[in-house]
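Colleague: I would like a close look at a single part of this model, with its surroundings described well enough to follow on screen. Please take one helix and work outwards from there.

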Amino acid sequence: MSTPEQPHPPTPSLSTERGSLAANIILVGFMGTGKTTTGRSAAIQLGWRFVDTDHLIERRIGKSVRALFESEGEAAFRKLESDLCAEMASWEHTVVATGGGILLDPVNRERLQAAGLVICLTASVEQIASRLEYDSNRPLLKGADRVERIAGLLETRQAIYETVTHRIETNGQTPAAVAEKVIELWRSAR
Ligand code: S3P
């Protein structure tokens with residue numbers, strides 16, 4: 001089984017065991033909810049490794065997610081994303097920031113739950129639109145009427161995001177403050 005390219009920290013600052021504290025923290029949620037910035041911050045505070053699933057896929061295939069969507073279509077991206085979910089069973093001491101559509105596949109949902117503590121970050125449509133105002137990397141938000149696209153996509157996915165027990169609202173909060181909440185949740189969710 002292949003392992004992510006980022007090195008493990010030599011000595012994790014907090015000892016964990018499967019069955020007590022979750023081995024990994026997995027951030028899910030819509031685009032623009034701050035999974036990457038929050039996840040990186042939480043990983044630094046814990047002394048853990050940080051993996052962003054989109055970035056890992058990009059490194060492995062040597063092209064951007066946007067280019068992959070354009071050349072091979074969304075299904076090819078979803079397949080690589082699902083493969084990563086399967087890999088996560090062997091990861092430890094890792095904070096994972098996932099792509100916003102990762103929960104669409106029920107098999108992914110099961111694999112993520114088994115791999116660690118899943119936490120959903122949430123934000124309002126307005127907040128997401130403002131955070132992604134100048135972004136051109138999200139193929140699903142390409143084109144005009146970005147706010148309506150965000151609102152529509154969020155609405156179709158809302159029920160799936162709501163299946164996640166642990167949720168953190170990020171409106172108006174700094175990534176560092178959200179990262180603190182992530183760590184608190186991880187410590188209390190045994
Ligand atoms: C997607 C979200 C993106 C990326 C891809 C598809 C989605 O990740 O995986 O563009 O379906 O919501 P972020 O949530 O990190 O933007």
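Modeller: What follows is an account of helix 7 and the parts of the chain around it, in a model that is predicted.

Some context comes before the helix itself. The protein chain holds eight helices and five strands, arranged along the sequence as β-α-β-α-α-α-β-α-β-α-α-β-α. It has 190 residues, and 46% of them are buried. Of the contacts between residues at least 6 apart in sequence, 78% join residues at least 24 apart. The accessible surface is about 9,300 Å², with carbon and sulfur atoms accounting for 53% of that area.

Helix 7 covers residues 146-161. At Glu155 the helix bends by about 40 degrees. Its buried residues are Arg146, Ile150, Leu154, Arg157, Ile160 and Tyr161. The buried residues of the helix pack against helix 4, helix 5, strand 4, helix 6 and strand 5, the last of these being residues 166-169.

Arg157 deserves a separate look. This residue of helix 7 has a relative accessible area of 4%, which is under the 20% cut-off and therefore counts as buried. Setting aside neighbours within four places in sequence, Arg157 is in contact with Phe30, Arg78, Gly100, Gly101, Leu104 and Leu140. Leu103 lies 54 residues away from Arg157 in sequence, while the two C-alpha atoms are 8.9 Å apart in space.

One of the contacts of Arg157 is another arginine, Arg78. Arg78 sits in helix 4 and is buried as well, at a relative accessible area of 18%. Beyond its neighbours within four places in sequence, Arg78 is in contact with Gly101, Ile102, Leu104, Leu140 and Arg157. Gly101, Leu104 and Leu140 therefore appear in the contacts of both Arg78 and Arg157. Arg78 is also linked with Glu74 and Glu81 in a network of salt bridges.

Helix 4, which covers residues 74-87, takes part in a further salt bridge, because Glu87 lies in this helix and its partner Arg60 lies in helix 2, residues 53-61. The closest N and O atoms of Arg60 and Glu87 are 2.8 Å apart. The pair ties together parts that are 27 residues apart in sequence. Its two ends differ in exposure: Glu87 is buried at 9% relative accessibility, whereas Arg60 is partly exposed at 33%.

The search of the whole structure gives six salt bridges. Among them is the pair Glu72 and Lys63, at 3.1 Å from N to O; here Glu72 is exposed at 51% relative accessibility and Lys63 is partly exposed at 29%. Another joins Asp135 to Arg138 at 2.6 Å, with Asp135 buried at 14% and Arg138 partly exposed at 29%. As a general point, side chains of opposite charge can pair when their charged atoms come close.

The nonpolar surroundings of helix 7 come next. The largest nonpolar core has 33 residues, of which Ile26, Val28, Leu103 and Leu112 touch the most other members. The elements that give two or more residues to this core are strand 1 (24-28), helix 2, helix 3 (65-72), helix 4, helix 5 (106-115), strand 4 (117-122), helix 6 (125-131) and helix 7. Helix 7 gives the largest share, four residues. In soluble globular proteins, nonpolar side chains tend to be buried together.

Ile26 shows what one part of that core looks like from within. Apart from neighbours within four places in sequence, Ile26 is in contact with Met88, Val96, Thr98, Leu112, Ala115, Gly116, Leu117, Val118 and Ile119. Another core lies apart from the largest one and has 22 residues, including Phe50, Val182, Ile183 and Leu185.

On cysteines, the search of the whole structure finds zero disulfides. Cys85 is buried at 1% relative accessibility, and Cys120 is likewise buried at 1%.

To return to the starting point, helix 7 bends at Glu155, gives four residues to the largest nonpolar core, and carries the buried Arg157, whose contacts include Arg78.

How values were computed. Residues numbered from 1 in each chain as written. Predicted model: local features only at pLDDT ≥ 70, side-chain atom pairs only at ≥ 80, totals over all residues. Heavy atoms only, no water. Buried < 20%, exposed > 50% of the residue type's maximum accessible area, 1.4 Å probe, protein only. Contact = heavy atoms within 4.5 Å. Areas by Shrake-Rupley, 256 points an atom, 1.4 Å probe, with all protein chains shown as cover. Salt bridge = Lys/Arg side-chain N within 4 Å of Asp/Glu carboxyl O. Core = buried A, V, L, I, M, F, W, Y, C linked by side-chain atoms within 4.5 Å. Bend = angle between axes of the 7 residues up to and from the residue. Disulfide = S-S within 2.5 Å.
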